[in-house]
Amino acid sequence: MRVLAYDIHSYDREFLEHANGGRHDLHFTTAQLDPRTAMLARGFPAVCTFVNDDASAETLERLAAGGTRLIAQRSMGFNNIDLAIAERLGITCMRVSAYSPYAVAEFAVSLLLTVNRRIHRAYNRTREFNFRLGGLMGRDIHGKTVGVVGTGKIGLVFATILKGFGCGLLGYDVVQNPECVALGMRYLPLQELLAASDIVSLHAPLTPQTHHLINAESLACIKAGAILINTSRGGLIDTEALIEALRAGRLQGVGLDVYEEEEGKFFKDLSDTVMTDDTLARLITFGNVLVTGHQAFFTNEAFRTITETTIRNITDFEEGRSNENVLRPR
Ligand SMILES: NC(=O)c1ccc[n+]([C@@H]2O[C@H](COP(=O)([O-])OP(=O)(O)OC[C@H]3O[C@@H](n4cnc5c(N)ncnc54)[C@H](O)[C@@H]3O)[C@@H](O)[C@H]2O)c1
């Protein structure tokens, strides 16, 4: 099958070509999918997309007009695709519904440990032979209460690791995960979880219900001196409200692998340009905030599964088979 893969970096190409083994006719572009670049896919029955490709109504209409019938998303999250419009246009959408939850959960723990012990600041200091400790004091993780928002596959692994640190576990979800309950997790309404947790980690998908789940109102409830970690999707946090909470000194630390306006910025080297996103620039100025560029999934194991599953999805579609990765509008 002829496939145009958007938003491709050297590592995407290497892993996709390896997983493909010559089976499909893969073409690659560094361009991100949007209404303008949809025309590149004219004549391609399949496109392959990533988290910040824009598969909204206008793009989908252009893809459909050009003959595209499959979107193979090479990620778990799919909030960038308008599934209702895709279905109406006869475009099948598939994703990678499962890959190493350890990749993301372990990264969330890395962010937590880094911001708690200020390792990002220590790294910069020691590079200049500054070995002073002022400003680097953290807190023991052992004995703290951890609030897990979204207790699915990644939330469960995160909770399991933090249980190993000797933490108490609280959870917030629309459904309780029996494996989390078995770890000793106690489910609470969100505001109560925020008020009681020393550490809050977000692992829920971005949906209309979870958009700005962390906002001025919920940040007003958060325990003073809490650490907030987000490896889920940027849209879960109202960034302006978060900046206000940081300015007020209400949080000990914040680790963000995702940002609500990351599209067009993350996965790119913008070091030679003027940063025009004042909100992101302000976030990065806080010494107790660590921003990474959506890299939690980026382990060898996870990436291999992502690319192999993407190729399997394309093959199944071509051969008329459905599988667990077909997305349907809710
Ligand atoms: N940063 C990264 O590189 C990266 C990589 C993979 C996944 N993610 C994000 O992590 C998220 C979680 O992944 P997962 O594999 O654990 O998914 P999952 O589907 O196993 O778990 C998600 C959990 O969120 C819960 N949830 C759904 N709606 C909710 C709501 N309104 N309020 C509270 N909880 C709600 C679900 O019930 C489920 O238990 C993904 O949706 C994706 O956005 C990020």
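The shell around the ligand comprises 11 nonpolar, 9 polar and 4 charged residues. The model is predicted. In total, 24 residues surround the ligand. The closest are Tyr 99, Lys 153, Ile 154, Asp 173 and Thr 231. The ligand occupies the largest pocket.

Polar contacts were examined next. Lys 153 places a backbone N or O atom 2.9 Å from a ligand oxygen atom. Lys 153 is also among the closest residues of the shell. The side chain of Arg 233 has an N or O atom 3.4 Å from an oxygen atom of the ligand. Asp 257 approaches a different element: an N or O atom of the Asp 257 side chain lies 3.1 Å from a nitrogen atom of the ligand. On its own, the ligand has 860 Å² of accessible area, of which the protein covers 86%.

Two open sheets are described here, one of 7 strands and one of 6 strands. Strands of a sheet pair through backbone hydrogen bonds, in either the parallel or the antiparallel sense.

The 7-stranded sheet is open and has parallel pairing. Its strand order is β8-β7-β6-β9-β10-β11-β12. The edges are formed by β8 (186-187) and β12 (289-291). Each has a single partner strand, so one side of each lacks a neighbour in the sheet. At the β12 edge, the partner β11 spans residues 251-256. β11 and β12 run parallel and are joined by 3 bridges. Within this pair, Val 254 stands opposite Val 289 of β12.

The 6-stranded sheet is also open, but its pairing is mixed. The order reads β2-β1-β3-β4-β5-β13. Here β2 (25-28) and β13 (326-327) stand at the edges. Both have a single partner strand, so one side of each is left without a neighbour in the sheet. Strand β1 (residues 2-5) pairs with strand β3 (residues 46-49) in the parallel sense. This pairing extends over 3 bridges. Val 3 has Ala 46 in β3 as its bridge partner.

Terms used. Residues numbered from 1 in each chain as written. Predicted model: local features only at pLDDT ≥ 70, side-chain atom pairs only at ≥ 80, totals over all residues. Heavy atoms only, no water. Near = heavy atom within 4 Å. Polar contact = N/O pair within 3.5 Å; in protein donor to acceptor, adjacent residues only side chain to side chain. Areas by Shrake-Rupley, 256 points an atom, 1.4 Å probe, with all protein chains shown as cover. 1 Å grid on protein atoms, 1.4 Å probe; cavity = no way out; pocket = protein on both sides within 12 Å on 5 of 7 lines; lining within 4 Å. Sits in = over half its atoms within 2 Å of the grid points. Nonpolar A, V, L, I, M, F, W, Y, C, P; charged D, E, K, R; others polar. Pairing = 2+ DSSP bridges. Helix = DSSP H or I, 4+ residues; strand = E, 2+ residues; numbered from the N terminus.
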